[in-house]
Amino acid sequence: MQDLFRHLPAVIYAYSIHPDGTRKFDYVSESCDFILGISHQEILRNAELMESIIHPDDIGHLRRTAEESQRDAAEFSWEGRMIYLSTIRWIEIRSNHQRSAGGVIIRRGIIQDITSRKGVAQQDEVRFKKNETLLTQLFQTIPMAVVLLTDEGKVSQVNNGFEEMFGYTLNDLRDRSVNDFIVPEELTNEGVDLNNIIAGHKVISIETIRRHRNGKRINVILYGMPVMMDNETIGIYGVYVDITERKRVEEELNVRNTELDNFVYKVSHDLRAPLSSILGLVNLAKLPGNTDNPMDYIDIIGSKVDHLDHFIGDVLSHSKNLKIDISTMQVNFKEIIEDTFSDLNYLEGAKGIARLIKIEGIEFYSDPWRIAEILRNLISNAIKYRKLDQVTSEIGIKISVDHLRAEISFVDNGIGIDEFNLAKVFEMFYRATEQSDGSGIGLYIVKNAVEKLGGQITLSSRVDHGTRFNIILPNRINNVIAKVPLPVDAEQQ
């Protein structure tokens, strides 16, 4: 038996507590020497040596556990650290509790080195905490809205992305149905059906609409994924990807594609029409026996070429407005208006237009080219759509500039625009009247140029009374001032 105890990977001991308070080891196996690092004979002579090898931070716990076991006459069980040759090991002490007829408490037990076991447990704990931290940080920082539901469909967790996307915190939603908060009323049935599908162990992905706390509707892709364990759903992940901007771009792209289709059709039509007329005149001039005056043909051909030139100029202007960056320079309204009237002097009726121009306020900074395009198209339209039976046609331009903006009021007393056409005149290639054979993109260019400059344009008109455009454009003078370097003397001061 002694040989068996000697080779056991544990210390077998017998310990007694006498009525007079004496405590001693009655037996300690020889394995004590290499497991605890102290001689079993020494412990038999001095029981207090056992406490001397216990780690100082754990000695109090050992004593409290021993006192509780003695008080309750219960089995003794303790885990703690010991110091073994300047290293720290973990040991486990277990013993029973017996009381003899003479009142002596006898404990027989075992002491085991559990360092390896604790090391594995600690590694597992560290690994668990690491994985938990990684998952928690991923859950909170992922740039999507994520909600974790219980198997009953109630909110268990939401991440920061969810709070930002929908405006609700975990305190708002905990143990409640997320559908009651973010699903629009008309999609209530869809929300319920999705939960049922996910709970049925199916992964779903749909494009739908959800609602922010403030009522704003958000286009999202919703991914629903059940969390499974032992073939049972223990939770549901809902992941929301905000595609509102993508939907806006798609809608804008659809509009642009439609405009491009119309643009190609209209451009090809408006280019071919005058070319067909020119080709017809050429063929007519070649007919045998034709006695028409060739100069009459030349005048008509010249008119068609002018029309082509103006149309191509408008197309190029539109393309340039879309592509070039905005430049910021001082805008000379007076010079632009004078140059524009001079350039358009060839138009029929231009020379008889009465001009009422008033410019007041401070310097204005913006994009001179786009400002010129805006005024050129407005002035050109006012000339083309003047009242032919009117003695005097007028164009009134009033410009008022302050540090924030320029307010431009453009008024004519022309034929005006009826209410039906008023909402459509800014559309590409729309012509509200047959009085002019213009390109139909002048006001479209105006509106796009105003928007490029960050401004606003409004229109009012009455048939036979004229038309008024009100334009507000931001003054970028402060941007220019901020970029001007201070003089050397000013910097030194």
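Here are some worked exercises on the predicted model shown above.

**Exercise 1. The whole chain**

Find how many helices and strands the protein chain has, and what share of its residues is buried.

*Solution.* Start with the secondary structure: the protein chain has 18 helices and 18 strands. Next, turn to burial: of the 493 residues, 37% are buried. Then look at contacts with a separation of 6 or more: 56% of them join residues 24 or more positions apart. Finish with the surface, where the chain exposes about 29,300 Å² and carbon and sulfur atoms supply 52% of that area.

**Exercise 2. A salt bridge between a helix and a strand**

Work out which elements Arg117 and Glu92 belong to, and whether each residue is buried or partly exposed.

*Solution.* First, check the pair itself. Side chains of opposite charge can pair when their charged atoms come close. The closest N and O atoms of Arg117 and Glu92 are 3.8 Å apart, and the cut-off is 4 Å, so the pair counts as a salt bridge. Second, place the partners: Arg117 sits in helix H6 (residues 115–141) and Glu92 in strand S4 (residues 87–95), so the bridge ties together parts that are 25 residues apart in sequence. Third, compare their surroundings. Arg117 is partly exposed at 44% relative accessible area, whereas Glu92 is buried at 5%.

**Exercise 3. Two more salt bridges**

Determine where the partners lie in the pairs Arg246–Glu207 and Glu451–Lys447.

*Solution.* Take Arg246 and Glu207 to begin with: their closest N and O atoms are 3.1 Å apart in a salt bridge. This pair links distant parts of the chain, with Arg246 in helix H11 (residues 244–286) and Glu207 in strand S9 (residues 204–211), 39 residues apart. Both are partly exposed: Arg246 has a relative accessible area of 36%, and Glu207 has 45%.

Now move to Glu451 and Lys447, whose side chains meet at 2.5 Å, N to O. These two residues are 4 apart within helix H16 (residues 442–452), so about one helical turn separates them. Glu451 is partly exposed at 45%, and Lys447 is partly exposed at 29%.

To round this off, look for shared partners: Glu79, Glu92, Arg94 and Arg117 are joined into one network by their salt bridges. The count for the model comes to 21 salt bridges.

**Exercise 4. The two sides of helix H13**

Show how the buried residues of H13 are arranged around its axis, and name what they pack against.

*Solution.* List the buried residues of H13 (residues 333–343): they are Phe333, Ile336, Ile337, Thr340 and Phe341. Viewed down the helix axis, these residues fall within an arc of 130°, so they line one face of H13. Now ask what that side meets: the buried residues pack against strand S13 (353–361), helix H14 (368–384), strand S15 (393–401) and strand S16 (405–412). On the face turned away from the buried side you will find the exposed residues Lys334, Ser342 and Asp343. Lastly, inspect the N-terminal end, which is capped by Asn332: one of its side-chain oxygens lies 3.3 Å from the backbone nitrogen of Lys334.

**Exercise 5. Ser327 and its distant contacts**

Identify the residues in contact with Ser327 beyond its neighbours within four places in sequence.

*Solution.* Locate Ser327 in the loop between helix H12 (294–323) and strand S12 (329–330). Its relative accessible area is 28%, which makes Ser327 partly exposed. With the sequence neighbours set aside, Ser327 is in contact with Ser366, Asp367 and Pro368. For Asp367, the two C-alpha atoms are 5.0 Å apart in space, while the residues are 40 apart in sequence.

**Exercise 6. Positive phi in two loops**

Decide what is notable about phi in Ala73 and Asp175, and where each residue lies.

*Solution.* Recall the background: most residues other than glycine have a negative phi. Ala73 has a positive phi, near 55°, and belongs to the loop between helix H5 (59–72) and strand S3 (76–84). Asp175 also has a positive phi, near 60°, and is placed in the loop between helix H8 (170–173) and helix H9 (179–182). As for accessibility, Ala73 is partly exposed at 45%, and Asp175 is exposed at 54%.

Methods:
Residues numbered from 1 in each chain as written. Predicted model: local features only at pLDDT ≥ 70, side-chain atom pairs only at ≥ 80, totals over all residues. Heavy atoms only, no water. Buried < 20%, exposed > 50% of the residue type's maximum accessible area, 1.4 Å probe, protein only. Arc of directions from axis to C-beta. Contact = heavy atoms within 4.5 Å. Polar contact = N/O pair within 3.5 Å; in protein donor to acceptor, adjacent residues only side chain to side chain. Areas by Shrake-Rupley, 256 points an atom, 1.4 Å probe, with all protein chains shown as cover.
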